[in-house]
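This report looks at side-chain contacts in one protein model, taking charged pairs, aromatic pairs and cysteines in turn.

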Amino acid sequence: MEFLPLWLAPNMVTLLGFFCIIFNVGLLELMDPDLLSPKQAWVCYSYGLGVWAYSTMDNIDGKQARRTGTSSGLGELFDHGIDSLNCTLASLLEASAMGLGSTRLGAFTALVPCLPMFFSTWETYHTHTLYLGYFNGPTEGLLIASLIMAASGIWGAEMWKEPLAKLFGNEAMLGKISFLDLWVPIILFAFCTAHLPSCVINVAQARRAKGLAVAPVFLEWTSMFFFVGTLCAWLGSPYSHILPDNHLVLLCLILSFVFGRMTTKIILAHLTRQPFPYWTMLLVPLGGGAILAWLPLIGLPPVSATVELGYLWSYFLISMVVYFRWAFVVINAICDYLGIQCLTIPEAKYKALERERDGELMMTENGMKAKQ
């Protein structure tokens with residue numbers, strides 16, 4: 001922490017970490033657009049380094065805020081907003097490093113982080129506390145993802161498809177099962193046992209402490225059920241061209257904004273003590289895509305690949321404009337209300353902090369000399 005300059009705003013620390021992800025998503029599109037694993041090992045190393053840098057920045061931005069005396073609700077909103085945008089992007093790098101391709105398994109890997117992020121945000125809304133266990137996604141989860149990317153760089157993505165018996169022996173028990181065969185069950189089991197129950201328990205305790213009923217809060221899962229359900233319907237349709245035509249990266253970029261809008265609305269409601277936001281209009285085109293993918297069920301011809309791609313690009317542009325406009329308006333409103341700046345620290349403030357730090361260092365040095 002002491003290596004960070006006092007003029008560096010905590011939100012800028014968060015943003016610099018996110019730029020590491022954006023850079024690597026661009027690298028992915030250049031070096032491995034098919035998500036079949038980069039041919040050059042250094043690309044996987046870059047993925048891992050980028051995710052590790054993002055995780056590190058995400059963990060120290062709060063410490064930088066306390067160190068510079070710039071903690072605010074805006075910092076919480078900005079931090080969690082960036083985390084939400086990152087959900088479908090860092091995991092996209094993981095899908096590329098593991099060579100999962102534009103497949104249902106690749107889509108699952110890229111999109112599943114949205115589940116724990118949503119429920120942690122929902123939990124924070126009710127408890128006004130972000131609970132992170134000894135093992136959590138923002139730290140250990142991203143570290144494991146970084147190690148997976150590094151391992152792919154060292155041994156190649158084929159390692160994930162090799163039979164486990166080749167590594168551990170005991171072929172009679174393990175048969176031809178590979179790591180990828182266990183990938184989905186492991187992730188879903190971990191989510192359903194280690195994450196979701198604690199979120200529900202903490203929310204239930206918070207509601208009971210206030211004398212409020214618990215059952216109504218489960219209606220607040222509506223948007224997430226819609227998000228997951230329409231995605232499964234769209235990607236699961238035999239008439240959809242998203243996965244066969246390799247548009248998973250574009251879909252993940254779209255859903256980065258859509259999911260980011262969902263969760264930042266919840267965080268803003270938590271900060272301002274407003275009613276829970278059940279819906280965002282950015283989900284409507286997601287439902288529209290699912291309907292288009294199943295038109296033959298009602299006797300209509302299937303949508304062509306060109307039309308579906310045009311729909312995706314239109315959705316991307318709309319979601320990007322809506323998200324950035326909302327972020328601009330909200331951030332400016334908070335900054336004006338609190339009299340602060342989002343990405344910079346006023347010169348007078350950081351100069352005063354530097355003088356205070358220099359004074360403490362001088363007192364420490366004088367004390368050490370006096371002892372000698």
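In this predicted model, K161 forms a salt bridge with E158, in which the closest N and O atoms are 3.8 Å apart. That separation qualifies because a salt bridge requires a side-chain nitrogen of Lys or Arg within 4 Å of a carboxyl oxygen of Asp or Glu. K161 itself is partly exposed, at 41% relative accessibility. A salt bridge also joins the side chains of K166 and E162, with a distance of 3.4 Å from N to O; here K166 counts as exposed, at 65% relative accessibility, whereas E162 is partly exposed, with a relative accessible area of 31%. The structure holds 2 salt bridges. Side chains of opposite charge can pair when their charged atoms come close.

Aromatic contacts are the next topic. A search of the whole structure gives 20 aromatic pairs, and two of these pairs are set out in the table.

| Pair | Centre-to-centre distance | Angle between planes | Geometry |
|---|---|---|---|
| F218 and W221 | 5.2 Å | 90° | edge-to-face |
| F257 and Y323 | 5.8 Å | 50° | tilted |

The pair of F257 and Y323 ties together parts that are 66 residues apart in sequence, because F257 lies in helix α11 (residues 248–272) and Y323 in helix α13 (residues 305–338). Both partners lie away from the surface by the accessibility criterion, F257 being buried at 10% relative accessibility and Y323 being buried with a relative accessible area of 6%.

In the edge-to-face pair, F218 is partly exposed, with a relative accessible area of 34%, while W221 counts as buried at 13% relative accessibility. F218 and W221 also belong to one aromatic cluster, which they form with F118, F119, W122, F191 and F225.

The cysteines remain to be described. How many disulfides does the structure contain? The count comes to 0 disulfides. C20 is in no disulfide, and the nearest cysteine sulfur, that of C44, is 17 Å away; C20 counts as partly exposed, at 24% relative accessibility. For C342, the closest cysteine sulfur is that of C335, and the distance of 5.2 Å is too far for a bond, because a disulfide requires the two sulfur atoms to lie within 2.5 Å. C342 counts as buried, with a relative accessibility of 13%.

Definitions and conventions
Residues numbered from 1 in each chain as written. Predicted model: local features only at pLDDT ≥ 70, side-chain atom pairs only at ≥ 80, totals over all residues. Heavy atoms only, no water. Buried < 20%, exposed > 50% of the residue type's maximum accessible area, 1.4 Å probe, protein only. Phe/Tyr/Trp six-rings, centres within 6.5 Å; stacked < 30°, edge-to-face > 60°. Helix = DSSP H or I, 4+ residues; strand = E, 2+ residues; numbered from the N terminus.
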